[in-house]
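Got a minute to look at some helices? Let's go through the labels and see where they come from.

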Amino acid sequence: MTKPNKANELTGTIVAAHGRHYLADVDGEFLQCVTRGKKTNIAVGDIVHLKRTSADQAVIEKIAERTTLLYRSDQYKSKLLAANITRLFIVIATEPGFADDLISRALVACEAAGVDAHLILNKVDLEPNLARARERASLYTNLGYPLHEVSAKTHPEDTVATLTPLLQGQSSILIGQSGMGKSSIVNLLVPDADIAVREISEALDTGKHTTTFTRLYKLPAGGTLIDSPGFQEFGLYHLTEGMLERAFVEFKPYLGGCKYYNCRHLAEPQCAVLQAVADGKIAKLRHELYAQLLHESAQTLY
């Protein structure tokens, strides 16, 4: 990032966030940052304009315009995940079992935000479970989402060779449930990840062993990678009805084909989407999630 003319005015990238404390990378220098007032609308990946207040501290004055923003929300509040990302990777594994609900919600969030989505199937060396995992993942590959198979622990070099070209030149984020091996993958892609986490943790005063914050790494081969803590739920209460129907890629051929222009694709007569579900062209599981998300969007209180 280039520095503006005024001595104390800087531009940086937010590389970590914990509560209302942020860490910005300004030309390789880490600065602890806070916002003015009680605002917490900053995301990892944000490009921010800063005013230095001391040798290692600054105040965030302004957020640069974002190209993309990913966030999850429940009935009461939203939580920013990452800004300015181009690609999201969902890590699943042959074991333990992965949640279709989380995957589909993440894919819907990507479609709504304009982010390219991929799946990584880890632990493919566990062959007794491989066929079943592939079969379950086919629900998403049949929709056009790429699937990349790796074994982070048993074949680390192959894992790096598979994923590195997909990350080059991209601003990526890795998400996944606990137990999928996401941390193992990050440690392969970012050789000094553990050191970086410790340094970031100390800089944010969160304790030496805190790893429950989202953080951004620069990759050796180019590009950036955001690692997000493992979470089990991905609320999308912020998406409207119109955003939701367009975020299910398999609905697109049928939108506009319903008898009623304001069809919600739930129980209306002569609904093209419901007919596609009945014909097996749209997976029942995905349509059920769509109905659930519509219900959630109607519950929003914030």
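Q: In this predicted model, what makes helix 3 roughly perpendicular to helix 4?
A: Look at the angle: the axes of helix 3 (residues 156-167) and helix 4 (residues 182-189) cross at roughly 75°. Anything from 65 to 115 degrees counts as roughly perpendicular, so that's the label this pair gets. Their axes come within 10 Å.

Q: Which residues make that contact?
A: Helix 3 brings P156, T159, V160, L163, T164 and L167, while helix 4 adds I185, L188 and L189. Sort them by type and you get 7 nonpolar, 2 polar and no charged.

Q: Why are helix 1 and helix 8 called roughly perpendicular?
A: Their axes cross at roughly 70°, and the cut-offs are 65 to 115 degrees, so the name fits here too. These axes come within 11 Å, and the crossing is right-handed. On helix 1 the contact uses D100, D101, S104, R105, L107 and V108; on helix 8 it uses L285, R286, L289, Q292, L293 and E296. That set divides into 5 nonpolar, 2 polar and 5 charged.

Q: How do you know that the span of helix 8 agrees with its number of residues?
A: Helix 8 (residues 284-297) has 14 residues, and at 1.5 Å a residue it should span 20 Å. Its end C-alpha atoms are 20 Å apart, so the two agree.

Q: What do the buried residues of helix 8 pack against?
A: They pack against helix 1 (100-113), helix 2 (130-141), helix 6 (241-247) and helix 7 (272-278). Among these buried residues are H287, Y290 and L294; buried here means under 20% relative accessible area.

Methods: Residues numbered from 1 in each chain as written. Predicted model: local features only at pLDDT ≥ 70, side-chain atom pairs only at ≥ 80, totals over all residues. Heavy atoms only, no water. Helix = DSSP H or I, 4+ residues; strand = E, 2+ residues; numbered from the N terminus. Expected span 1.5 Å × (residues − 1). Buried < 20%, exposed > 50% of the residue type's maximum accessible area, 1.4 Å probe, protein only. Contact = heavy atoms within 4.5 Å. Axes fitted to C-alpha atoms, helices over the stretch in contact; angles between N-to-C directions. Parallel < 35°, antiparallel > 145°, perpendicular 65-115°, else oblique. Nonpolar A, V, L, I, M, F, W, Y, C, P; charged D, E, K, R; others polar. Left-handed = near helix turned anticlockwise from the far one by under 90°.
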